[in-house]
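Subject: Structure for you to look at

Dear colleague,

I am passing on the structure below, and I would be glad if you could read the notes that follow with the model open beside them.

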Amino acid sequence: MVPGDKTKLSIRASIPDPPLLLAQYLEIYLVKAGVSVLGQASTGRILKTEGGKIDYSGASLVTTQVSPSLADIVKITNKESNNLFAEHLFKMMGVFVKNNGNVDSGVAAVSEYFISQHVLDTPLHLYDGCGIARRNLVTANQLVQVLSYMLDRKSVV
């Protein structure tokens, strides 16, 4: 509900599949420009999921986007509490440690690290990387242990 005295309204939302949105906008732009487009806008991820084969022969690089540094991403994540960045960082830890970018691999990577450092005795029970899932179960003791470890190591960015 928006209060009646509100003159401006700002809405922020995340895009669930940025590559697909870009492909759809590109398709619309090409059609409006009179370019014939075969098939429907898609992404490599969708085609692979559907068992399709991707043929990159004849493909050309359109643009390059350089990401901010990992330190800058972590700083933004911690300072602004950017949940999208937190989720991606969490899943990337799973990729590097477990060769899988899902939540379970992220949980295992983080839990195993803190157990190997003798910070925690038991694994964390997490269901996301940003901490907003209602099913996340972190004890007060686990939280204090992790924060103390970070303070001692000056790991906070």
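In what follows, two residues are said to be in contact when heavy atoms of theirs lie within 4.5 Å. Please keep in mind throughout that this is a predicted model.

I began with helix H5, which covers residues 103-116. Its 14 residues reach 20 Å from the first C-alpha to the last, close to the 20 Å expected at 1.5 Å a residue. The buried residues of this helix are Val 103, Ser 105, Gly 106, Val 107, Ala 109, Val 110, Ser 111 and Phe 114, and they pack against two other helices, namely H4 (83-98) and H6 (140-153). At the start of H5, a side-chain oxygen of Asn 102 comes to within 3.3 Å of the backbone nitrogen of Asp 104.

The packing of H4 with H5 deserves a description of its own. The two helices meet at an angle of about 75 degrees, and their axes are 7 Å apart; since angles of 65 to 115 degrees count as roughly perpendicular, H4 and H5 are therefore roughly perpendicular to each other. On the H4 side the contact is made by Phe 90, Lys 91, Met 93, Gly 94, Val 97 and Lys 98, while H5 contributes Val 103, Ser 105, Gly 106, Val 107, Ala 108, Ala 109, Val 110 and Glu 112. Sorted by kind, the residues of this contact between H4 and H5 comprise eight nonpolar, three polar and three charged.

After H5 comes His 118, in the loop between H5 and H6, and this residue has a positive phi of about 60 degrees although it is not a glycine. Is His 118 buried or exposed? With a relative accessible area of 72%, against a cut-off of over 50%, His 118 is exposed. Ser 81, in the loop between helix H3 (70-80) and H4, is also not a glycine and has a positive phi, in this case of about 55 degrees.

Within H6 I looked at Gln 142, which counts as buried because its relative accessibility is 6% and the cut-off is under 20%. Leaving aside neighbours within four places in sequence, Gln 142 is in contact with Leu 120, Thr 122, Pro 123, Leu 124 and Leu 137.

Turning to the N-terminal helices, H1 (18-32) has 15 residues and reaches 21 Å from its first C-alpha to its last, close to the 21 Å expected at 1.5 Å a residue. Just after H1, Gly 34 takes a positive phi of about 85 degrees. Thr 43 is found further along, in the loop between H1 and helix H2 (44-49), and because its relative accessibility is 8%, Thr 43 counts as buried. Which residues does Thr 43 contact, if its neighbours within four places in sequence are left aside? They are Asp 17, Pro 19 and Leu 20. The C-alpha atoms of Thr 43 and Asp 17 are separated by 9.4 Å, the two residues being 26 apart along the chain. The side chain of Thr 43 also reaches the backbone nitrogen of Ile 46, at 3.2 Å.

With best wishes

Notes. Residues are numbered from 1 along each chain as its sequence is written. This is a predicted model: local features need pLDDT of at least 70, side-chain atom pairs count only at pLDDT 80 or more; totals for chains, interfaces and linings use all residues. Side-chain values use heavy atoms; hydrogens and water are left out. Helices (H or I, at least four residues) and strands (E, at least two) are DSSP runs, numbered from the N terminus. The expected span of a helix is 1.5 Å times one less than its number of residues. Buried means under 20% relative accessible area, exposed over 50%, partly exposed in between (1.4 Å probe, protein chains only). A polar contact is a pair of N or O atoms within 3.5 Å; within protein, one must be able to donate a hydrogen and the other to accept it, and residues adjacent in sequence count only if both atoms are side-chain atoms. Axes are lines fitted to C-alpha atoms, for helices over the stretch in contact, and angles run from 0 to 180 degrees between N-to-C directions. Angles under 35 degrees count as roughly parallel, over 145 as roughly antiparallel, 65 to 115 as roughly perpendicular and the rest as oblique. Ala, Val, Leu, Ile, Met, Phe, Trp, Tyr, Cys and Pro count as nonpolar, Asp, Glu, Lys and Arg as charged, and the others, Gly among them, as polar.
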